[in-house]
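Student: I am new to this one and would like to go through it step by step. May we begin with a single residue and then move outward?
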Amino acid sequence: MTFYKTVFCFALGAITAQPAVAETPASLSMNGVSGLIDMPSAEQQSDGTLSIARSAFGPTARTTLSFQITPRLSGSFRYSSIKNWGSSTAPSTLFDRSFDLRYQLLTEGRYLPNLTIGMQDFIGTGVFSGEYVVATKSLGPKLKLTAGLGWGRLGSYNAIGAPFGARSRVAVGLGGNLRTGEWFKGDVAPFGGIEYVVSDKISLKAEYSSDIYRVESGLRKTFDRKTPINFGAEYRTKTGAKLGLYSLYGDKIGFTLSFQLDPFRSPTGGQAGPGPLPVRPSSAAQGWSDATVVTAFDLTRLRDQTQAILAKDGIVIEALAVTATTAEIRIRNTQIDNAPQAIGRSARALATVMPASVRSFEIVPVKQGIGLSKVVIARSDLEDLQFDADQAAQSRARAQILPALGPMPAEALRGQGLYPKLNYGLAPYVATSLFDPNAPLQADLGLRFSARYDIAPGLFLSGALTKKLAGTIDSKRLSNSIARHKVRSDAALYATQGDPALETLTLAWYAKPSGSLYTRVTAGYLEAMYAGLSTELLWQQVNKPYALGLELNYVKQRDFDQRFGLQSYSSLNGHISGYYDLRNGFQAQLDVGRYLAGDVGATLSLDREFANGMRVGAFVTKTSMSAKEFGEGSFDKGIRIDLPLAWFLGRPTQKVAGMVLRPITRDGGAKLRVNNRLYETIRSNQQSKLDAAWGRFWK
């Protein structure tokens, strides 16, 4: 004990005395957070980094998803399993879900270390719960020392006292409750370690662990903890993946495999695709006088020439109106993943085609048949700024972003062959079922046939059929919910009995009564579990960071086979929703209302979105349904992630790989899942979103 205290004190003294700052990035521990091997460090990942790590040693395996929310704040979701958890006569495997939060109090400077405070498993069942304060200091560009104090699990070996009182308990019932009365309570113990970077690919680590593994090594005898010393090596690939191999507690060999995504660095180095047209000077265009009357022949010719240019970028002209001085074009962007880029390409096309007298371009992006905003660009600004060193900032300062008011002028010419029109396609799909203790990862693979019939602007008939080809999702674990209505917990029955399945079949009508008011009415088979009527009203001014919405739904539960039959349960539900753009990519949403099971409450969501389209967020719902009635997890919560495929593939596409990770799906706080809600439909072309991505206007 004296030896370890001496080592710890020496390391702590070195940390506070050395002036050098390391150039090497923070590595991940076996817990999937910035750390040594099994202990945390005080470093943070680079801002916005999304990482996933898989680690295992002996009976314990952990899969952790971590996100660097801000430069100082990070959060993690972990799914762990421990084998041989039960009795010797009836061995079993414990599956556990947990959340972590870390905040960096100090960033490393010439003399100060990184200093971080963290909470591990602060809202789970408490099996892995612990808190810590840790410091990390670089001794030159290759050597880093870490020392810290831990509570809970991290204070279980060679404790030096309990300065803040006793810890009341270790695990809590169904989980999901904040155990604030336990934080930083109980025994506290020191931990520490060292990391040496051999090269940009190889690093070596050693640590002194303060986790005694009291249950695993003591009570359950899942492995023999012989020593607190762990050591190992890590190898980093060119793609950023990292593999670590360690000797743990003198008894086991462990490994970690991790991957990281930096939203500010494209895996492909950028997007391939057709480049933009040069801006054609108006002096080279055909001349019209201000008194010229645009004939139907002229307008048809201008529309067709402009459409021929825009077709290579997947931009469809919804309508075009031209006077002697102004051209207003309504565009439907079907391919480019960035709204300012689509607007910029449209402006260049207009500059190429429009007569010299046309001095102003009004570009209106359209989704679901409704105009979202109007971007006004002076033709002279395109010509003046084409080769300007500060062209992005200058062009945004000169452009106007206004509301898109009502329909096009009566003299406007619509795009050719748009209404009525049938579109259809066949594509593979993957459905997943996560966190079932009997089978934590289940998936089905199949084909989805989807079709959409565009009847008129804003009026659409659409549907989807699915056929499973292979999969592992089953209904062996039936719902044990004691809620009054099983509105979501029978999901496995829908997944297994709905083959083939009518996934959706709806008639939707979108309208824009004014420049800031949007409406939606959707009727039919709205989702896999519910059919009925969904209505929505949204107030959103194009230049304001906030919006207000109202949704009201009346639905009936569908039969498990997902054909046309309905069950007896019906639900009148809906919400008043407030949306706020917090700037710097952060979006907040608050929904207050009645949920599918009849419970009343609120959902708070917070997302961070990056210029490349990647979005990571979390949500939490509290309703009148008690924790006991809700069941395991106590209340609904989760993480959602959207990954733009254009960023990965290196070519233009609007497809997004999205996922929602719920620790467990229960019946409380359940909302209707309806496609194309209004706020998500219009937000990409509101001023704050256009401002954030305006750098691609010239691309």
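Tutor: Certainly; please note that this is a predicted model. Leaving aside neighbours within four places in sequence, Q104 is in contact with A42, E43, Q44, P71, R72, N114, L115 and T116.

Student: Where is Q104 placed?
Tutor: Q104 belongs to strand β4, which covers residues 94–106.

Student: Is Q104 buried or exposed?
Tutor: Q104 counts as buried, because its relative accessibility is 5% and buried means under 20%.

Student: Which backbone oxygen lies 2.9 Å from a polar atom of the Q104 side chain?
Tutor: That oxygen is the one of A42, a residue also listed among the contacts of Q104.

Student: Moving outward, how many strands make up the closed barrel?
Tutor: The barrel has 12 strands, running in order from β1 through to β12, with antiparallel pairing. From one strand to the next, the twist averages 20°.

Student: How many bridges join β9 to β10?
Tutor: Seven bridges join strand β9 (residues 202–208) to strand β10 (residues 229–236), and the two run antiparallel. As one example, A206 has F231 in β10 as its bridge partner.

Student: Now to a helix. Which residues of α6 are buried?
Tutor: In helix α6, residues 391–398, the buried ones are Q391, S395 and R396. They lie on the same side of α6, because they cover an arc of only 125° around the axis.

Student: What do those buried residues pack against?
Tutor: The buried residues of α6 pack against α5 (379–385), β18 (400–402) and α11 (687–692).

Methods. Residues are numbered from 1 along each chain as its sequence is written. This is a predicted model: local features need pLDDT of at least 70, side-chain atom pairs count only at pLDDT 80 or more; totals for chains, interfaces and linings use all residues. Side-chain values use heavy atoms; hydrogens and water are left out. Helices (H or I, at least four residues) and strands (E, at least two) are DSSP runs, numbered from the N terminus. Buried means under 20% relative accessible area, exposed over 50%, partly exposed in between (1.4 Å probe, protein chains only). A polar contact is a pair of N or O atoms within 3.5 Å; within protein, one must be able to donate a hydrogen and the other to accept it, and residues adjacent in sequence count only if both atoms are side-chain atoms. Contact means heavy atoms within 4.5 Å. Two strands pair if DSSP finds at least two bridges between them. Axes are lines fitted to C-alpha atoms, for helices over the stretch in contact, and angles run from 0 to 180 degrees between N-to-C directions. The arc is that of the directions from the helix axis to the C-beta atoms.
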